Amino acid sequence: SGGTSSGGSSSGGTSSGGTSSGGTSSGGTSSGGTGGSTSCAATTSCGAPADLGTVSGDSGSGSAQNKASGTKFYKIRVTEDDNSVLGTKLKAKASLSVPSGTDYDLYAYVNTGSDAMPSCASPTKSSQNGTGAAEQVQVSWGEGSIANGGDDGRFVVIEVRHKSGPCDASHEYQLIVAGNS
């Protein structure tokens, strides 16, 4: 249900928008195929991540969330909002609730040195806890105990990477990204 098959989209077991190669859809899950479920493939990339919006990295308790399945990249803007003379590091924490029987890993990428999108070549933090286990990463950057006078706001890219197990619409994860935590 809602997954993509080779050559078209599958919806409720019927094919629309093309032909299917590698099997039929049975109750919204793939049965038969070409050696793997194509619904587990990345639906976004590091260069074009899904947008989760904005959270403050140094005040309040804002968060953003999303439910999905399969590998996906997300971006969130973490802003600096505390302009006092005392410095406060910017922080963001990503938490992933994983369905039983499925293994997802969680990666966070942030360019701590400049306000440019991270390249995703090497994660800033990662979590790889195994099948059915929750994942969590926390990143921080910016000022120390004295304010630096600059804006330390950054984009953080979060990658949810499918490792094994089912990844259809009935096996969704829940991602929560909280600022200032």
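In which segment is the place of Asn180? Asn180 sits in the segment after β14, the strand that spans residues 173-179. The model examined here is predicted. In this model, phi of Asn180 is near 60°, a positive value in a residue other than glycine. Most residues other than glycine have a negative phi. Asn180 is partly exposed, because its relative accessible area of 22% falls between the limits of 20% and 50%.

The overall architecture was considered next. The protein chain contains 14 strands and zero helices. Its pattern along the sequence is accordingly written as β-β-β-β-β-β-β-β-β-β-β-β-β-β. The chain has 181 residues, and 35% of them count as buried. Contacts between residues at least 6 apart in sequence were also examined: 71% of these join residues at least 24 apart. The accessible surface of the chain comes to about 8,700 Å². Carbon and sulfur atoms account for 47% of that surface.

One open sheet is built from five strands. Their order is β6-β8-β13-β10-β11, and the pairing is mixed. The edge strands are β6 (50-56) and β11 (125-127), each of which pairs on one side only. From one strand to the next, the twist averages 20°. Within this sheet, β10 (residues 103-110) and β13 pair in the antiparallel sense over eight bridges. Ala108 stands opposite Ile158 in β13.

Another open sheet has four strands, in the order β7-β14-β9-β12, with antiparallel pairing. Its edge strands are β7 and β12, and each pairs on one side only. Here the twist averages 10° from one strand to the next. β7 and β14 are joined in the antiparallel sense over six bridges. Ala64 has Val177 in β14 as its bridge partner. In general, strands of a sheet pair through backbone hydrogen bonds, either parallel or antiparallel.

The nonpolar interior was then analysed. The largest nonpolar core has 27 residues. Ile158 and Leu175 have the most contacts inside this core. Strands β6, β7 (63-68), β8 (72-79), β9 (89-97), β10, β12 (135-142), β13 and β14 each supply at least two of its residues. Apart from this core lies another, of six residues, including Phe73, Tyr107, Cys120 and Val157. Ile158 itself, with neighbours within four places in sequence left aside, is in contact with Lys72, Phe73, Tyr74, Ala94, Leu106, Tyr107, Ala108, Leu175 and Val177. Among these contacts is Ala108, the residue that stands opposite Ile158.

Cys120, a member of the six-residue core, has its place in the loop between β10 and β11. Cys120 counts as buried because its relative accessibility of 16% is under 20%. Phi of Cys120 is near 70°. This is again a positive value in a residue other than glycine.

Two polar residues in strands were inspected individually. Glu159 lies in strand β13 (residues 154-164). With a relative accessibility of 5%, Glu159 is buried, because the cut-off is 20%. Its side chain makes a polar contact with the side chain of Arg161, at 2.9 Å. Beyond neighbours within four places in sequence, Glu159 is in contact with Thr71, Lys72, Phe73, Asp105, Leu106, Tyr107 and Tyr109. Phe73 and Tyr107 from this list also belong to the six-residue core.

Ser56 has its place in strand β6, an edge strand of the five-stranded sheet. Ser56 is buried because its relative accessible area, 13%, is under 20%. The side chain of Ser56 makes a polar contact with the side chain of Ser59, at 3.1 Å. Not counting residues up to four places away in sequence, Ser56 touches Val78, Thr79, Asp81, Gly179 and Asn180. The last of these contacts leads back to Asn180, in the segment after β14.

Definitions and conventions:
Residues numbered from 1 in each chain as written. Predicted model: local features only at pLDDT ≥ 70, side-chain atom pairs only at ≥ 80, totals over all residues. Heavy atoms only, no water. Buried < 20%, exposed > 50% of the residue type's maximum accessible area, 1.4 Å probe, protein only. Polar contact = N/O pair within 3.5 Å; in protein donor to acceptor, adjacent residues only side chain to side chain. Contact = heavy atoms within 4.5 Å. Pairing = 2+ DSSP bridges. Axes fitted to C-alpha atoms, helices over the stretch in contact; angles between N-to-C directions. Areas by Shrake-Rupley, 256 points an atom, 1.4 Å probe, with all protein chains shown as cover. Core = buried A, V, L, I, M, F, W, Y, C linked by side-chain atoms within 4.5 Å.
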